[in-house]
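Hi everyone, thanks for coming. Please have the sequence and the 3D view open while I talk, and stop me whenever you like.

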Amino acid sequence: MSKRIDVKDLNVYYSKFLAVEDVNISIEARSVTAFIGPSGCGKSTFLRTLNRMHEVIPGAHVEGEVLLDGDDLYDPAVDPVTVRGQVGMVFQRPNPFPTMSIRDNVLAGVKLNNKRISRSDADALVEKSLRGANLWNEVKDRLGRPGSGLSGGQQQRLCIARAIAVSPQVILMDEPCSALDPISTLAIEDLINELKADYTVVIVTHNMQQAARVSDKTAFFNIAGTGKPGKLIEYADTTTIFNKPLQKSTEDYVSGRFG
Amino acid sequence: MSSALLKTRRSQLTKGRLPGYAIWVVLGTAVVLAAAVSALIGFDVLVWALIAAVFFVAGATLVTAAAEGRRKAADSLMTYLVYGAFVIALLPLLSVIWTVLERGLPGLSYDFFFTSMNGVTGATDNASAENGTPVLGGAYHAIVGTLQITLWATLVSVPIGLLAAVYLVEYGRGGALDRAITFFVDVMTGIPSIVAGLFAAALFALLFGPGTRTGFVASVALSVLMIPVVVRSTEEMLKIVPNELREASYALGVRKWRTIVKVVVPTAISGIASGVTLAIARVVGETAPILVTAGFASSINLNVFGGWMSTLPTFIYYQILTPTSPTNIDASTQRAWAAALILIIMVMLLNVVARLVARIFAPRTSR
Amino acid sequence: MTSVRGAQRPTSDPKGTPVATTTLTRRDAAGKSGDRVFSGAALGAGILILVVLFGVAVFLIIQALPVLGADPADITGGEGFGAYIFPIVVGTVIAAAIALLLATPLGIGVALFISHYAPRRLAMTFGYLVDLLAAIPSVVYGAWGYAVLAPRLAVVYGWLAENLGWIPLFAGPASQTGKTILTAGIVLAVMVLPIITSLSREIFLQTPTLHEEAALAMGATRLEMIRMAVLPFARAGIVSAAMLGLGRALGETMAVALVLSGGALTASLIQSGNQTIAAEIALNFPEAYGLRLSELIAAGLVLFVITLAVNIIARWIISRHREFSGAN
């Protein structure tokens, strides 16, 4: 249960402003792909177009195609809600639902959609998802407690558990560790390595070491200047990007000369 | 040796400041002088306090001006005025509460709560005054009327207010319509309550013929007053729900309306409930709209859709303005203050409940 | 992956039969209509509010119309609607003006007390106490003014008439009961005080701390700091708070109906006389029918227009202020 993503000639606009220009990229199933680049280069914006979350912002729209195993996300007949059921997302700051317990947070995707689920199935799903997020042992005795009582790193893993509980094909992560301490970050990075076995993972990160540690392939985005659109500069195996990049600007960025 | 010298030398930083006791000297002098003056023009505690306050502020300012300069004097004058303003603002509050307690408590009894004014006439009041028996008649019908009219007003305005707020926060994109709704909701908060009453009266007069007065007409009038309060408070509460929660829900493939109903509203529910309670507290004491829409009744009417109805505020109003017995108005006055006490207790309870709801049911966040 | 467009291309399901939908285009009609119904209901509620406000104006106009065509002699007072409404409009304005004159400085003082003078720990409690003033129902204020305040003030009015009677505002003979427009104005002042206080307090508390500290660091006293940093920042807010208080005072009914023994327009504030629109309606509506009813509704319409104008101006000031202050 994992799908590949092919993006063709994608432009992203905020109203009339062109935020990301002409992206072509193919992301393999069961791999970890990292998006790196300086702030404001459009990597998060682009990430959000992969599950149509950018549409939450009024005026945002795209041109081009994003194919999920060949099916265009932007086909007029496609309901964005269906897309998001298949392409899950984890956000920068952990955001468990404050009104729900740990258990209910994991089941949120199922319950909020009013799907009926038997108690034993729900228990099984909760355990499976929390184990998948490496959180089960830490919370199994307090599933009824509020999710907001966990530590930041635990909350983020709870959010990952919540995302995988709806069994998506792809998991998008928008700087999932930027609000976490190093120990929690390590736990999330370990988890990403394990998730690769079942899911296609796309992660936006500011931390180049993190990209080098967790990803198979890396995409470098850059922006020519303020008010200019962000572009995909180079996309290759992570080792290539960090050791022998083709583009000068990629080399400058990964070697810390700017950004 | 030098330390002994230092002890006697005053700090450069405190030089030229009034010693702490100076202000108390001024206060004492002012009180004594004021007593003398008020004795001259006829003694009265209030007059005495007033004159003493004036003397104290003037004296203290002058003393400060002499010792510490004009800037300091202006500063301390302002301090006295600001403190004085607060004391003056508290006077009516204390006076009102004291009056209501003092005059309302004697009239409170089981019978007052559970009998109506049905059959209570001027003769009844005259008889109880002559024989020294307890005052008969009570506010049962008015309490029942208040509860019914308020309940219906809540039932009408909460769904409308909630949905309108949801529209403004969750669906509105700042277009002309949204701005118009926001603006007119603000304007609506300023509609005089009597105009809201006239509106409901005029509306029902056109629909069901002139002189249509029922509890429900009053509920509609109160709704006009309640809706903007509900909208505003709900709006505020929905706005502080973090966007991250909405996004988290959307990212799980949850539809917008389910996100609103199951995530956004539950997160804000304590604030919303508290806002609704405050809105109820605001309208429960309204008098003018009831006067022009529900008429006046002296017996229990359980049907909000037919017949005139009394509420506590209109009961108070009529008991004061048109006493049941024109020759023995004390009975009516007593009933009015007892009803006022009940009304104030109701409003205060609603306020307390609103605060408790906001505090207790607030979603616990670790951040 | 071929480059054929997903929209036109039928995909194959496992059995190999071509179907028109992909895993992404599966229909979820119930869910979608749920979205539509809900957003429709929300929009409807928003529009309903506009309709209600519009309805207030329309229904009042319809019911007030008979006044226009009526013979002036049939209108109360016998000289037409203009002559009927003018004195009570003036009375309304006088009562509201007295309330505002008293409550604005007091309200600003109380707000400053809570925001800048009171001990931090007690400020919240003090704020709550002042808010309690707003919680007391208007009819209770009316009863209080009627039974407690008016008799007390009657003494003062007697003294005023005796000593300051040469000023037209205090011309005698003073009311023996104290039920005058000045008493009504004072009760109204108490009622609008919490409005002015809470709005000003909010604005005072929003003063950028940076400005306040800059002033204090220059050696300013507390008063100078308030004049340099707080008041300039809050000026528009105070004006709109006073305007909102004015709107409330203009439309307040019960306090005036109970406290004022109304009558013809007079300049003296300490005689009985004068009347406000709201009290005129409340006192006469229950017995009114026919043309008298239309008169009162027309009076209500006039009140509605006046308060609407005042509120719109206040809101306009607030919204302009918001753009400039950068407080958000």
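Leaving aside neighbours within four places in sequence, which residues is A282(C) in contact with? From chain B they are I194(B), A288(B) and L291(B), and from chain C they are T253(C), M254(C) and A257(C). By contact I mean that the C-beta atoms of two residues, placed from the backbone, lie within 7 Å.

Some housekeeping before we go on. This is a predicted model, in which local features need pLDDT of at least 70 and side-chain atom pairs count only at pLDDT 80 or more, while totals for chains, interfaces and linings use all residues. Residues are numbered from 1 along each chain as its sequence is written, and chains are lettered from A and ligands numbered from 1 in the order in which they are written.

Back to A282(C). A282(C) belongs to the largest nonpolar core, which has 287 residues, and is among those that touch the most other members. The others in that group are F199(B), I316(B), A339(B), A340(B), V140(C) and L188(C). Helix 3 of chain C, residues 80–117, gives the most to this core, with 17 residues. Another core, of six residues, lies apart from it, and V26(B), A30(B), A34(B) and A52(B) are among its members. A core here is a set of buried Ala, Val, Leu, Ile, Met, Phe, Trp, Tyr and Cys residues joined through C-beta atoms within 7 Å. Buried means that 20 or more other C-beta atoms lie within 10 Å of a residue's own; exposed means 12 or fewer, and partly exposed is in between, with C-beta atoms placed from the backbone.

How do chains B and C meet? On the B side 71 residues are in contact with 69 residues of chain C. Helix 4 of chain B, residues 70–104, gives the most to that side, with 20 residues. By class, the B side has 56 nonpolar, nine polar and six charged residues. For the classes, Ala, Val, Leu, Ile, Met, Phe, Trp, Tyr, Cys and Pro count as nonpolar, Asp, Glu, Lys and Arg as charged, and the others, Gly among them, as polar.

Staying in chain B, please find helix 9, residues 193–208. Helix 9 of chain B has 16 residues and reaches 22 Å from its first C-alpha to its last, close to the 22 Å expected; the expected span is 1.5 Å times one less than the number of residues. Of those 16 residues 13 are buried, so helix 9 of chain B is largely enclosed by the rest of the structure. Just after this helix, G209(B) takes a positive phi of about 95°. Helices (H or I, at least four residues) and strands (E, at least two) are DSSP runs, numbered from the N terminus.

Chain C has 11 helices and two strands, and both strands come ahead of the helices when you read from the N terminus. Of its 328 residues, 47% count as buried.

Now chain A, where the sheet is. Ten strands form an open, mixed sheet in the order 5-4-1-2-10-9-3-8-7-6. Strand 5 (71–72) and strand 6 (87–90) of chain A stand at the edges with a single partner each, so one side of each has no neighbour in the sheet. Two strands pair if DSSP finds at least two bridges between them.

Strand 1 of chain A (residues 5–14) pairs antiparallel with strand 2 (residues 17–27) over seven bridges, and L10(A) has V23(A) as its bridge partner. These two strands form a hairpin with two residues between them, and S15(A) in the turn has a positive phi of about 50°. Strand 1 of chain A also pairs antiparallel with strand 4 (residues 60–68), over eight bridges, where V12(A) is partnered by V62(A).

One oddity in chain A: R52(A) has a positive phi of about 60° although it is not a glycine. R52(A) lies in the loop between helix 1 (43–49) and strand 4, and is buried, with 22 other C-beta atoms within 10 Å.

Last, confidence. The predictor gives the complex an ipTM of 0.86 and a pTM of 0.83. Chain C averages a pLDDT (the predictor's confidence in each residue, from 0 to 100) of 82, and 88% of its residues score at least 70. Over residues 1–20 of chain C the pLDDT is below 50, and residues 324–328 of chain C stay under 50 too. Where pLDDT is low, the predicted coordinates should not be read in detail.
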